[in-house]
Amino acid sequence: MPKINGNEIRPGNVLEHEGGLWAAVKVNHVKPGKGGAFAQVELKNLRDGRKLNERFRSEDKVEQVRLEQKDQQFLYENDGMLVFMDNETFEQIELPADLLGDRRPFLQDGMVATIEYYGDEALSVSIPQKVTCKVIETEPVVKGQTAANSYKPAILDNGVRIMVPPFIAQDEDIIVHTETMEYSERA
């Protein structure tokens, strides 16, 4: 594994530090008036989600880890475990549903997700940024209500509540950002 200097750490880098795998969430380069410059790095543990703030001087060496990414198809959920299939080898893997966190309701049957592996260990699952959902419950369209920032609540077919523009009606398909859980556009 390549070693990088402490001042070369960027957000999104995965590092091996203190016996664990950590993702750099925020990096702030600090040059104090007295003493040497350093990088103030907020790290998140990829295995258990703990956070850590660490200082790395430019002469500090850290191990940068390369994760392998594989696109795998979601098949079904079984007792809190998500079953994915590799489309090339047809091997199936079970991962805990809590790897997705709040985005779990947006995972749909047959959807292709990107899974990051460190060796044989699956560390994270990412789903497409935008998914199509159906509005199953919302207030009726009110004619003349065209205020720029007026939104109304809606419940999607996966049970998630979001805010939608006033022109969206019940049983309409919309596209939702999975990271921000916000309305994007009509489908």
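This report describes two sheets, one strand, one buried residue and the nonpolar cores of a predicted model.

Residues are numbered from 1 along each chain as its sequence is written, and side-chain values use heavy atoms, with hydrogens and water left out. Because the model is predicted, local features need pLDDT of at least 70 and side-chain atom pairs count only at pLDDT 80 or more, while totals for chains, interfaces and linings use all residues.

**The sheets**

Helices (H or I, at least four residues) and strands (E, at least two) are DSSP runs, numbered from the N terminus. Two strands pair if DSSP finds at least two bridges between them. Strands of a sheet pair through backbone hydrogen bonds, either parallel or antiparallel.

One open sheet has five strands in the order S9-S8-S7-S10-S11, with antiparallel pairing. Strand S9 (92–96) and S11 stand at its edges with a single partner strand each, so one side of each has no neighbour in the sheet. From one strand to the next, the twist averages 45°; axes are lines fitted to C-alpha atoms, for helices over the stretch in contact, and angles run from 0 to 180 degrees between N-to-C directions.

Another open sheet also has five strands, in the order S14-S13-S12-S15-S16, and its pairing is antiparallel. Its edge strands are S14 (161–164) and S16 (182–186), each pairing on one side only. Neighbouring strands of this sheet are turned by 55° against each other on average, direction ignored.

The table lists some antiparallel strand pairs with one pair of opposite residues for each.

| Strand pair | Bridges | Opposite residues |
|---|---|---|
| S7 (residues 68–78) and S10 | six | Glu68 and Tyr117 |
| S7 and S8 (residues 81–86) | six | Phe74 and Phe84 |
| S10 and S11 (residues 121–126) | five | Thr114 and Ser126 |
| S12 (residues 130–138) and S15 (residues 173–177) | five | Thr132 and Ile175 |

**Strand S10**

In a regular strand the side chains alternate between the two faces of the sheet. In S10 (residues 112–118), Ala113, Ile115 and Tyr117 make up the covered face, whereas Val112, Thr114, Glu116 and Tyr118 make up the uncovered one. S10 and S11 form a hairpin with two residues between them, and Gly119 in the turn has a positive phi of about 70°.

**The cores**

In soluble globular proteins, nonpolar side chains tend to be buried together. Buried means under 20% relative accessible area, exposed over 50%, and partly exposed in between (1.4 Å probe, protein chains only). A nonpolar core is a set of buried Ala, Val, Leu, Ile, Met, Phe, Trp, Tyr and Cys residues joined through side-chain atoms within 4.5 Å.

The largest nonpolar core has 27 residues, and those with the most contacts inside it are Phe84, Phe106, Leu107, Leu156, Ile162 and Ile174. Two or more residues of this core come from each of S8, S10, S11, S12, S13 (152–156), S14 and S15. Apart from this core lies another, of 10 residues, among them Ile4, Ala39, Leu43 and Val62.

Contact means heavy atoms within 4.5 Å. Leaving aside neighbours within four places in sequence, Leu156 is in contact with Phe106, Cys133, Lys134, Val135, Ile136, Ile162, Ile174 and Val176.

**Asn45**

Asn45 belongs to strand S4 (residues 38–45). Why does Asn45 count as buried? Its relative accessibility is 6%. Not counting residues up to four places away in sequence, Asn45 touches Leu21, Trp22 and Arg50. A polar atom of the Asn45 side chain lies 3.3 Å from the backbone nitrogen of Asp48.

Key:
Polar contact = N/O pair within 3.5 Å; in protein donor to acceptor, adjacent residues only side chain to side chain.
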